[in-house]
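Below is a short report on one chain. It moves from charge pairs to helices, then to overall form.

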Amino acid sequence: MSALNELVEKLEASLNVAKVEIAEFEKGKKVAAGKVRKEAQISKKLWQDIRVATMDALKAMPTKTRAPKA
């Protein structure tokens with residue numbers, strides 16, 4: 001599960017950078033718009049990586065066998 005935690009930490013860092021750039025954009029700094037879009041793309045990729053890592057971890061878990069019905 002450490003891979004998931006690492007991905008979430010990267011996602012939080014990306015979100016913090018995006019918050020800073022959004023504040024700059026709202027102050028009127030036009031160049032920040034591209035930086036916000038870039039962070040959104042990074043976040044999208046991180047979410048996809050989280051989805052993949054979650055499914056890999058789920059598939060690695062042992063399955064329980066059901067008792068046959070009488």
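In which helix do Asp 49 and Lys 45 both lie, and how many residues apart are they? Both belong to helix α2, and four residues, about one turn of the helix, lie between one position and the other. The model is predicted.

## Salt bridges

Asp 49 and Lys 45 join their side chains in a salt bridge, at 3.0 Å from N to O. Asp 49 is partly exposed, at 26% relative accessible area. Lys 45 is exposed, at 52%.

The count of salt bridges comes to three. Glu 6 pairs with Lys 10, with the closest N and O atoms 3.6 Å apart. These two residues sit in helix α1, four residues apart, again about one turn of the helix. Glu 6 is partly exposed, with 44% relative accessible area. Lys 10 is also partly exposed, at 43%.

Glu 24 bridges to Lys 27, and here the closest N and O atoms are 4.0 Å apart. The cut-off for a salt bridge is 4 Å. Glu 24 is partly exposed, at 27% relative accessibility. Lys 27 is exposed, at 68%.

| Salt bridge | Closest N to O distance |
|---|---|
| Glu 6 and Lys 10 | 3.6 Å |
| Glu 24 and Lys 27 | 4.0 Å |
| Asp 49 and Lys 45 | 3.0 Å |

## A buried charge

Which charged residue is buried yet has no salt bridge? It is Glu 39. Its nearest side chain of opposite charge belongs to Lys 38, 5.8 Å away. A salt bridge needs a nitrogen within 4 Å of a carboxyl oxygen, so a separation of 5.8 Å does not qualify.

What does the side chain of Glu 39 make a polar contact with? The partner is the side chain of Ser 14, at 2.8 Å. Glu 39 itself is part of helix α2, which covers residues 31-60. Leaving out residues up to four places away in sequence, Glu 39 touches Ser 14, Val 17 and Ala 18. Ser 14 and Ala 18 are among the buried residues of α1. The polar contact between Glu 39 and Ser 14 therefore joins two side chains that both belong to buried residues, each under 20% relative accessible area.

## The two helices

The secondary structure comes to two helices and zero strands. Helix α1 spans residues 2-26, which makes 25 residues. From first C-alpha to last, α1 reaches 36 Å, close to the 36 Å expected at 1.5 Å a residue. Helix α2 has 30 residues. It reaches 44 Å, close to the expected 44 Å at the same rise of 1.5 Å a residue.

After α1 comes Gly 28. The phi of Gly 28 is positive, near 110°.

Which residues of α1 are buried? They are Leu 4, Leu 7, Leu 11, Ser 14, Ala 18 and Glu 21. The cover over these residues includes α2. On α2, the buried residues are Ala 32, Glu 39, Ser 43, Leu 46, Ile 50 and Ala 53. These pack against α1.

Ile 42 also lies in α2. It is partly exposed, with a relative accessible area of 33%. Ile 42 and Leu 11 are 31 residues apart in sequence, and their C-alpha atoms are 8.3 Å apart in space.

## Overall form

How does the chain's radius of gyration compare with the globule rule? The radius is 19 Å, well over the 11 Å that the rule gives for 70 residues, so the chain is more spread out than a compact globule. The C-alpha atoms fill a box of roughly 70 × 25 × 15 Å along the principal axes. Of the 70 residues, 17% count as buried.

Pro 62 belongs to the segment after α2. Is Pro 62 buried or exposed? It counts as exposed, at 77% relative accessibility. The C-alpha atoms of Pro 62 and Ala 13 are separated by 33 Å, with the two positions 49 residues apart along the chain.

Technical notes: Residues are numbered from 1 along each chain as its sequence is written. This is a predicted model: local features need pLDDT of at least 70, side-chain atom pairs count only at pLDDT 80 or more; totals for chains, interfaces and linings use all residues. Side-chain values use heavy atoms; hydrogens and water are left out. Buried means under 20% relative accessible area, exposed over 50%, partly exposed in between (1.4 Å probe, protein chains only). Lys and Arg count as positive and Asp and Glu as negative; His and the chain ends are not counted. A polar contact is a pair of N or O atoms within 3.5 Å; within protein, one must be able to donate a hydrogen and the other to accept it, and residues adjacent in sequence count only if both atoms are side-chain atoms. Contact means heavy atoms within 4.5 Å. The expected span of a helix is 1.5 Å times one less than its number of residues. The radius of gyration is taken over C-alpha atoms; the globule rule is 2.2 Å times the number of residues to the power 0.38.
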